[in-house]
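Terms in structural work rest on cut-offs. The questions below take such terms one at a time and set values against them.

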Number of protein chains: 2
Amino acid sequence: MSLRHGLLGLLAGRPMSGYELTAAFDRSLRYVWSAGHSQIYPELNRLLNEGLIEQVDEGARGRRTYATTEAGIREMRHWLLEMEPTRTGRNDAHLRFFFLWMLSRTEAEELLQVEREFHEADLQEYMAIAASDGDPPWGQLPIELGISYKEAMIRWLDWAIKEVRSNHRKKRPRVVPQKAG
Amino acid sequence: MSLRHGLLGLLAGRPMSGYELTAAFDRSLRYVWSAGHSQIYPELNRLLNEGLIEQVDEGARGRRTYATTEAGIREMRHWLLEMEPTRTGRNDAHLRFFFLWMLSRTEAEELLQVEREFHEADLQEYMAIAASDGDPPWGQLPIELGISYKEAMIRWLDWAIKEVRSNHRKKRPRVVPQKAG
DNA sequence: TGAGTCATGTAACCTGTTACATGATTTG
DNA sequence: CAAATCATGTAACAGGTTACATGACTCA
């Protein structure tokens, strides 16, 4: 039930159409929650029927602009303050790391290297966003989390690549933790 | 299609029954991929029909032990080397951070503090596992990733708590009084 | 006027979760 | 012999993805 809370939260920021919401999901929420238009439009109609959003404008090409109602804001606060988030991970990129032993040393290294490039590119993108961004009260927080996460991934991957190269089979030194602050 | 690869990979490590696989998913793969027995048993039967696993033993209480076939190992290598992993995130705990502005400063701080405790507990658990673990060639790698990730989360949360405490908001949230109870 | 973009929708399919259901074996 | 655990399954439902479908408006 997080699609609705993503929509409710975005609309609480400013009124938008389904089309704009689809773009907002793809632009800013993509790495924490993704949704396509085929999921968004039916959900908007459900939220409208339940009185959690209301239509505030109608434009060209059948464009309908919605805003979060007070009931919708109450629902958001309920979700934020009283609901336990789902803690079940679902990340097939990370799942692969459990089965690296099925590959040769060079294949494993190659996989980790490709992964590193992917996270490195993301990091650059996030840093560009962080430089230009941030008007809602604590708007820079999520992007900084993205940066922290990508940096941690890259540090781990660099360590993992070294491990795979040296191919030790017994006890190994830990990844060097970064100093806080 | 990652459930099947989790199963195939675990069975490539050693032959197991559906019951054992359910426990293995819950024990070691939980934070990257979770699956219950109601999903595992039908999938095992599908893998069996497709010749990716084979039954290698039959025990008490109808227990059936499976192992990955050569076709199954080929499928694993194909998944590891040639398939693009899904990059769409799905994490409602992180999604909440985008909407912290809808809370008061103390509410936001409390949410972040609870989150910190959760990750701190995970970190302790992971460190205990890391101390005792590691037989397959690069078996230490995934748990070290878990540790790196949890450490990054805690560092970010500490920073975010400070931010929320010190930075005054630019815009008042549209706070609606909550219903009692 | 044709291509691109804006804008909304439905349907089939796949995956995952929760609940229901059953029986065998072990252990105290 | 009762309770716990081992062991496997099905069904209903919820949520998410891909494909199909349509039309309005803008701009070159």
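What follows is a set of questions and answers on two protein chains and the DNA strands beside them.

Q: How do you know which residues and values count here?
A: This is a predicted model, in which local features need pLDDT of at least 70 and side-chain atom pairs count only at pLDDT 80 or more, while totals for chains, interfaces and linings use all residues. Residues are numbered from 1 along each chain as its sequence is written, chains are lettered from A and ligands numbered from 1 in the order in which they are written, and side-chain values use heavy atoms, with hydrogens and water left out.

Q: What makes a residue count as near DNA strand D, and which are the closest?
A: One of its heavy atoms must lie within 4 Å of the strand. By that rule 18 residues surround DNA strand D, and the closest are Ser38(A), Gln39(A), Tyr19(B), Arg63(B) and Arg64(B). Of the atoms of DNA strand D that come within 4 Å of the protein, sugar and phosphate account for 66%.

Q: What makes the pair of Gln39(A) and DNA strand D a polar contact?
A: A polar contact is a pair of N or O atoms within 3.5 Å; within protein, one must be able to donate a hydrogen and the other to accept it, and residues adjacent in sequence count only if both atoms are side-chain atoms. An N or O atom in the side chain of Gln39(A) is 2.7 Å from a phosphate oxygen of DNA strand D, so the pair meets the cut-off. A polar backbone atom of Gly18(B) is 3.4 Å from a phosphate oxygen of DNA strand D. For Arg61(B), a side-chain N or O atom is 3.2 Å from a sugar or linking oxygen of that strand.

Q: Which elements give two or more residues to the surface near DNA strand D?
A: They are helix 3 (37-49) of chain A together with helix 2 (18-29) and helix 3 (37-49) of chain B. Helix 3 of chain B gives the most, with four residues. Helices (H or I, at least four residues) and strands (E, at least two) are DSSP runs, numbered from the N terminus.

Q: How are the residues near DNA strand D divided into classes?
A: Ala, Val, Leu, Ile, Met, Phe, Trp, Tyr, Cys and Pro count as nonpolar, Asp, Glu, Lys and Arg as charged, and the others, Gly among them, as polar. The division is five nonpolar, eight polar and five charged. For DNA strand C, the surface has six nonpolar, seven polar and five charged residues.

Q: Which residues are closest to DNA strand C, and which polar contacts are found there?
A: The closest of the 18 residues around DNA strand C are Tyr19(A), Arg63(A), Arg64(A), Ser38(B) and Gln39(B). A side-chain N or O atom of Gln39(B) is 2.5 Å from a phosphate oxygen of DNA strand C. A polar side-chain atom of Arg90(A) lies 3.3 Å from a phosphate oxygen of this strand, and one of Arg61(B) lies 3.5 Å from a base oxygen. Helix 3 of chain A supplies the largest share of the surface near DNA strand C, five residues.

Q: Why are strand 1 and strand 2 of chain A said to stand at the edges?
A: The open sheet of three strands in chain A has the order 1-3-2, with antiparallel pairing. Strand 1 (16-17) and strand 2 (53-58) of chain A each have a single partner strand, so one side of each is left without a neighbour in the sheet.

Q: How do you know that strand 1 and strand 3 of chain A pair?
A: Two strands pair if DSSP finds at least two bridges between them. Two bridges join strand 1 of chain A to strand 3 (residues 64-68) of chain A, so the condition is met. Ser17(A) has Thr65(A) as its bridge partner in strand 3. Strand 2 and strand 3 of chain A pair over five bridges, and the bridge partner of Glu54(A) is Ala67(A).

Q: What makes the relation of chain B to chain A that of a two-fold axis?
A: Chain B can be laid on chain A by a turn of 180° and a shift of 0.0 Å along the axis, with an RMSD of 0.2 Å. That is the relation of a two-fold axis. The superposition is by least squares on the C-alpha atoms of residues with pLDDT of at least 70 in both copies.

Q: Why is the pair of Glu115(A) and Arg87(B) called a salt bridge?
A: A salt bridge is a side-chain nitrogen of Lys or Arg within 4 Å of a carboxyl oxygen of Asp or Glu. The side chains of Glu115(A) and Arg87(B) meet at 2.8 Å, N to O, so the pair qualifies. Glu115(A) lies in helix 6 (residues 105-132) of chain A and Arg87(B) in the loop between helix 4 (70-82) and helix 5 (92-95) of chain B, so the pair joins two chains. By this rule the count over all chains comes to 28 salt bridges.
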